[in-house]
Every structure is written in C-alpha cells, then in structure tokens.
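Reader: I am new to this structure and would like a close look at a single part of it. Please take me slowly through one sheet, strand by strand, and show me how its pieces fit together.

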Amino acid sequence: MDKRYDVIVIGAGHAGCEAAVASARLGARTLLVTSDITKIAQMSCNPSIGGVGKGQIVRELDALGGYTAKIADATTIQYRMLNRSKGPAMHSPRAQCDRELYTLEWRRVIENTENLELWQETIEELVIENGECKGIASRYEGVIKSQSVILTAGTFLRGKIHIGMQSWEGGRIDEIAVPRLSEQLEAHGIPRIRFKTGTSARIDIRSIDLEKLEAAGIDLKEHQYNKIRQGYMYILDDGGETRVRSYNYGTDSARYELTKKSGGLTARKEDIMELTKEEFDAFWEQTAGRRIEKTRYYIELEEGRVAELDIYETGRLEGRATVEVEFLEQRLADAETKARDFAKNKKPEWIGEEVTEDPTYKNQALAS
Ligand SMILES: Cc1cc2nc3c(=O)[nH]c(=O)nc-3n(C[C@H](O)[C@H](O)[C@H](O)COP(=O)(O)OP(=O)(O)OC[C@H]3O[C@@H](n4cnc5c(N)ncnc54)[C@H](O)[C@@H]3O)c2cc1C
C-alpha cells in the first residue's frame, strides 16, 4: 500500500462508494477505507433504493454518471413508481433489490475501477495539521497522507441504537460506532447534530399467512429502453431462424444471447442461450448483411400487457417504428381471441395499421 493518495474516502456506504468511484474516474489516486469490506453499500433497513425524495436523488446521481441507479437496476427484484395518484412532482421511483447481490455488485465495480484501492480498517483519527486535514492515521500502516479526505461515515460517528427501553452505542446493529473520530471533529470546531432514523420490526415469514396477502405487482420502468443489435446466422424457409442479439452492447447493463426460433409468424417456439461478450462478438462476425440495430422502448398497456416499440436506426429502415404486443395465453386460440379483441376495442390511438401477417415486416426481411 502507498502512503500518499490524492483522495482518501472513509466509509464504503452508499455515499462513500459513489465518492470514491467518481474521484478515481476523474483520475485522482483514491483510497477507499472501510470497517468491513463484506458490507460495502449495505442497505441498513429496507433493501430498497429510491422512494419519496431519495428516488429523485438517485436519478440525479445517474445523470452525473454515478453507479447507484445502475447497480439498483442490475439487482432489482421489484420496481414501483410511488405516489402515482399525485402530480408528477410527487412521483418517486423505488426499486426493491437483492441485498447481498447489491453489495457484491458494488464491490465488483469498485474492484474494477482504475486508480481505486480498497482497504479494510476502522479509522479513528484524522491527521490534522494547522487546521487542515492532511490524511488518516492507520493502526496498521501509520500515517497515510492525501490532498483531500472525504468522510462518509453514515450513522457510525457517535451512533446510538434504541430498542424498546434499551439503548447503546452502535453504528448499525452489531456494528461498533466510532466515537473517537466524532470527538476529534468536535475538538476542531465541527459541531455535532444527531439525526434519527427508524427501522421496522423484522417478521418471521413462517408466521405470516401469505394466502391472505395481495401481491403488490411490478410497475414498468418509465422511459426504460434497450439498444438492440441483432444479427441472423441462419434463416430457414419455414420462418425458423438462429440469431444473436445484444442489449446495450459494451455497457454495464449489457446482455448477450443466442436464440433459435421455429414455427410460424404468430406463435413460435424459442430457445434462448446466454452468451459472453466474446462469444457474441464471434457469432456477430458471421451475420454481415443480415443485421438490425434498433432502440426498443417499453410501453404499458391494459391487462398488464407491454407494447415493445422499436425504432430502427440503420440501413434502409432508419427512422421506421414498429410496435409488437405479446399475447401470452397458453392456448393459441385464446391468444388469437385476445389479440382480435385488443385490435378492435383496446388498441391505443397511436398504433397504426396491423402488419402481423405481412412478411415484409418480419425482422428477418428487414435485416441488411
Ligand atoms: C437501522 C437503520 C435503518 C435505516 N433505515 C433507512 C431507510 O429505511 N431508508 C433510508 O433511506 N435510510 C435509512 N437509514 C439511514 C441509512 O444509514 C442511510 O440511508 C444510508 O445508509 C446512508 O448512506 P451513507 O453512505 O451515508 O452511510 P452508511 O451506509 O451508513 O455507510 C457508512 C459506511 O462507513 C463505514 N465507516 C463509518 N465510520 C468509519 C470509520 N471511521 N472507518 C472506516 N469505515 C467507517 C461503515 O462501516 C459503513 O460501511 C437507516 C439507518 C439505520 C442505522
């Protein structure tokens, strides 16, 4: 470990992770020090990102190139737009995430960020010279200097836990507070204010009659879209095909897959296999002349159906839009009845002429 950094961040919570990655990406040699590296960006209470007020902050972080929203997206279990019954200013996105995966994903991002080192230790003392912070005092490494120190200690500085009538010092449950650091800050004229947060009781799932609960459902993410690259390896006379597709190629949210389809125009059997980026690249080579690039937007319709609106971006299709609505009824006859009912009674005004049976609109035919 070096004894000199441009920036040291104390505390790998939500704020510290963003600060450290932003600093390193700006080219500053950065050290992120935290008490327990298995609890990076740990969700204290409710395993969710966003909610009233906080959802807006997460979107601002996203606009500034932060990772909280991206990692929340990658680990979301359920997504809701809260306060839909109120005006747009009150709409608040909230993602319930997989707590363990969220932590692991943040750790992956941190460990793959250039200029960023991770160190496990509880820091109890800052190095302060002439009223200026010059670094940190490590129990193991002695003084580690830096031009700036960012303190993102969350609820740990002089944290106190109250449960019922009992209370004790603590950062989070079963984690120690760091009172010495608060004392040092106070001694240098930084006043202490204590905020209160609360957490709900944990309930044993086996004690709940799940049958009596109503499923809360999932909202579609507004403005959600994927950049799609699609290339055909084989196109068969009976409409069958083998193709590769990437979603958001080369980005953190990228997904690559190989699909084999067989059957007719309206109902088809699909086998999908996930690919690595390298495998996708190798297959992509074989698809020259049979490719499509498009952006796919998702629009919520009645009965939980989703319209996939594709805007084509290359070749002779540039600028053209098609909409596909999936009818997932088990029996083909049921799906066709539903589709006819939709076309007659429920079709949004903005959907134009139906081209399902027109082979010129098949993706295979549109590829170039
Ligand atoms: C029980 C509980 C329930 C909560 N419920 C909610 C909720 O429902 N919704 C909500 O929005 N907020 C809630 N909070 C507040 C929550 O702390 C913040 O929302 C969020 O975690 C703050 O992020 P942060 O990065 O500032 O700090 P934290 O997430 O607290 O991260 C601080 C990190 O710094 C490390 N650290 C601290 N001091 C040192 C040191 N001296 N040396 C090295 N490492 C250090 C800690 O180990 C930790 O990893 C709750 C907090 C608690 C304790």
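Author: Two strands are taken to pair if DSSP finds at least two bridges between them, and with that in hand we can read this model, which is a predicted one. A good place to begin is the hairpin formed by S7 and S8, which has 2 residues between its strands; in the turn, Asn130 has a positive phi of about 50 degrees. Strand S7 covers residues 126–129 and strand S8 covers residues 132–138, and the two run antiparallel, joined by 4 bridges. Within this pairing, Ile128 has Cys133 in S8 as its bridge partner.

The hairpin belongs to a wider arrangement, for 6 strands form an open sheet with mixed pairing, in the order S6-S2-S1-S9-S8-S7. Its edge strands are S7 and strand S6 (116–120), each of which pairs on one side only. From one strand to the next, the twist averages 40 degrees.

If we now move to the S6 edge, we find strand S2 (residues 30–34) running parallel to S6, with 5 bridges joining them, and here Leu31 stands opposite Glu117 in S6. Helix H1 (residues 14–25) packs on the sheet, where it touches strand S1 (4–10), S2, S6 and strand S9 (142–151); the direction of H1 makes about 165 degrees with that of S2.

To place this in the whole protein, the domain assignment gives domain 1 as 4–47 + 98–187 and domain 2 as 225–367, and the centres of domain 1 and domain 2, taken over C-alpha atoms, are separated by 46 Å.

How values were computed
Residues numbered from 1 in each chain as written. Predicted model: local features only at pLDDT ≥ 70, side-chain atom pairs only at ≥ 80, totals over all residues. Domains from an automatic or database assignment. Axes fitted to C-alpha atoms, helices over the stretch in contact; angles between N-to-C directions. Contact = placed C-beta atoms within 7 Å.
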